[in-house]
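This report goes through a two-chain model, taking up the fold of one chain, a helix of the other, the contacts between the chains and the nonpolar cores. Please keep the structure in view while reading.

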Amino acid sequence: MDEHEQQQTFDEWLARHRGLIFKVVRAYAFTPHDQDDLFQEIITQVWNSIPQFRGSSAVTTWLYRVALNTALAWMRRERRNRDRTQALDGSELVLETPTRAPSPRLDWLYEQIARLDHVDRSLTLLLLDGLSYREMAETLGITESNVGVKLNRIKAHFIKQSQENTTYEL
Amino acid sequence: MNFEELKGVWDSQDKEPLYVVPQTALHELVRQRRDDEHRKTAVRHAIETIVNAVAGLVTLVLAGCLAWGDPAWLATFSWLKASVSPWDAAALFLAGVAWLFCAAYMWSARRRQIQREENLAQSIRGDLERALAHVAFRIRIARDIVWWGLIPAWFAAGLFVLVLFRLQQAPSWAYWVIALLMVGTFVTIQWWQHYAIRKFYEPRRRELESLRAKLTNPEA
C-alpha cells in the first residue's frame, strides 16, 4: 500500500467514523489537554494500522480495537507522566469543543462510564455502540461467554444507577 | 431508565459531533507525530550504539598502531613515555572487541524492541500480553545490562585507561583515582537498575497482571 492509498483510507475512515474516536476520547480522558493528546495518539495509531487492515472484520470493529488499545496504553503511560502533562495545559489544542445544547443525560452517562474500571469501560462503549458479542469478544480477546457475564453485570449496574439518580432528569 | 433508553441517550450524540477537528491539520499532525516518534527512537538508538562502536573502533586502531606501527614513528609521540609491549596492544585489542560487543548488544536489543512495538496487537488482551512482555523485557535488560552491557564496557574502559597510564608512566595515585571512579560508576548504575526495577517496572507489571485478571475473569 502506498502513502496515497493510505491517506485516502485514513480520510475515508475519519470522515465516516470520527464519532467513534471522539467517544473513546471522552470516555478515557477528562481534561481538554488530555483529550487532545489521546485523540492525536489514536489517529496516529489508526494511520499506522491501515496497512495491517485485511478486511476480515468491519471497519468499526477494527477502529474500536485500535482506539481502545491505544486508550488503555495511553492511560497506563499518562498516569506516569501526569506532572509533565499538566505542565503543558496551556499549549494549543487540535480538538475544539463546539457550542452545543446541554445534554444532562449524556453527561451523566459519560460520568458513569468514567467511574468504571478500564475493562468495563471498553465493554460499555462497545455495548452502547451496538457491536455483537462476537465482535466484542474479538476486540477484547476474551470468550463470548465471558463477555455475556460481564455485560449482564454492567447493564444491571447502569439501570440501578439511573434509578437511584434523579438530579440529571433521568 | 431501562437499557434501551440509555442506548437512546448514547445515540443522541451521533446527531451532533462532540468535537470539531480541522481536517487540513490532521495529516500534518499525524506526520509530525510519527516523525517525532521515529526521531526520538533513532536518536536513542544512535547514541547508545555509536558511542560504543566509535570507542571500539578508535581503540582497535590504537591497538593496531601500537602493534604494527614503526617504532621510530611511535617515538615521536611525546605522551608515550614507556616502551610499547605486545601486551599493551593485546589489551587494547581486547578492549576494542569488548566495546564493539557492547555496541552490537545495544543495537540488537533496540531492534528487537522496535520490532515488537511495530506489530499491532489483535485485541486488548493481546495488547496487554505485549505490554507485559515488554515490561518483562525491560526487567531482563535492567538485570542483564550489568553482564552484557556494563561489565564489558567497564572492562574495556579499564583496560584502555590501564594501558594509557602505563605508557604515560602515570603516578600510582592516578590508578587509584580511576579505580575508585570505575567502581563508583559500576555501583551507581547497579543501584539505579535495581531501583528502576523495584520502583517502576515491578509495579507496572503488577498493574498489567491485575488488568489481565480483570479481563479474563468473568466475575471480576
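How many helices and how many strands does the secondary structure of chain B come to? In this predicted model, chain B has 6 helices and 0 strands, and its elements, taken from the N terminus on, run α-α-α-α-α-α. Chain B has 220 residues, of which 19% count as buried. When contacts in chain B between residues at least 6 apart in sequence are considered, 87% of them join residues at least 24 apart. As for confidence, the mean pLDDT of chain B is 82, with 89% of its residues reaching 70 or more, while the predictor assigns the complex an ipTM of 0.80 and a pTM of 0.70.

**Helix α6 of chain A**

Helix α6 of chain A, spanning residues 118–128, is mostly covered, since 10 of its 11 residues are buried. Among these buried residues are Val119(A), Asp120(A) and Arg121(A), as well as Leu127(A) and Leu128(A). After α6(A) comes Gly130(A), which has a positive phi, near 80 degrees.

Two packed helices are described by the angle between their axes and the distance between the axes. For α6(A) and α7(A), the axes come within 10 Å and cross at roughly 150 degrees, and the crossing in which α6(A) passes α7(A) is right-handed. On the side of α6(A), the residues that meet α7(A) are Ser122(A), Leu123(A) and Leu126(A), and their partners in α7(A) are Met136(A), Thr139(A) and Leu140(A). The residues of this contact divide into 4 nonpolar and 2 polar, with no charged ones.

**The side of chain A that touches chain B**

Between the chains, 44 residues of chain A are in contact with 36 residues of chain B. On the side of chain A that touches chain B, at least two residues each are supplied by α1, α2, α3, α5, α6, α7 and α8 of chain A, and α8(A) gives the most, with 7 residues. The residues of this side of chain A divide by character as follows.

| Class of residue | Number on the side of chain A that touches chain B |
|---|---|
| nonpolar | 20 residues |
| polar | 15 residues |
| charged | 9 residues |

Val30(B), placed in helix α2 (residues 23–68) of chain B, offers a local example of contact across the chains: leaving aside its neighbours within four places in sequence, Val30(B) is in contact with Ile43(A), Thr44(A) and Trp47(A). Why is Val30(B) partly exposed rather than buried? Val30(B) has 19 other C-beta atoms within 10 Å, and because a residue counts as buried with 20 or more and as exposed with 12 or fewer, Val30(B) is partly exposed. Val30(B) and Lys214(B), 184 residues apart in sequence, are 33 Å apart in space, C-alpha to C-alpha.

**Nonpolar cores**

The largest nonpolar core has 54 residues, and those with the most contacts inside it are Ile21(A), Val24(A), Val25(A), Ile42(A) and Ala67(A); to this core α3(A) gives the most, with 9 residues. Not counting residues up to four places away in sequence, Val24(A) touches Ile42(A), Ala67(A), Leu68(A), Ala71(A) and Leu125(A), and Leu125(A) is itself one of the buried residues of α6(A). Apart from the largest core lies another one, of 19 residues, including Ala55(B), Leu66(B), Ala109(B) and Val163(B).

How values were computed. Residues are numbered from 1 along each chain as its sequence is written. Chains are lettered from A and ligands numbered from 1 in the order in which they are written. This is a predicted model: local features need pLDDT of at least 70, side-chain atom pairs count only at pLDDT 80 or more; totals for chains, interfaces and linings use all residues. Helices (H or I, at least four residues) and strands (E, at least two) are DSSP runs, numbered from the N terminus. Two residues are in contact if their C-beta atoms, placed from the backbone, lie within 7 Å. Ala, Val, Leu, Ile, Met, Phe, Trp, Tyr, Cys and Pro count as nonpolar, Asp, Glu, Lys and Arg as charged, and the others, Gly among them, as polar. Axes are lines fitted to C-alpha atoms, for helices over the stretch in contact, and angles run from 0 to 180 degrees between N-to-C directions. A crossing is left-handed if the near helix is turned anticlockwise from the far one by less than a right angle, and right-handed if clockwise. A nonpolar core is a set of buried Ala, Val, Leu, Ile, Met, Phe, Trp, Tyr and Cys residues joined through C-beta atoms within 7 Å. pLDDT is the predictor's confidence in each residue, from 0 to 100.
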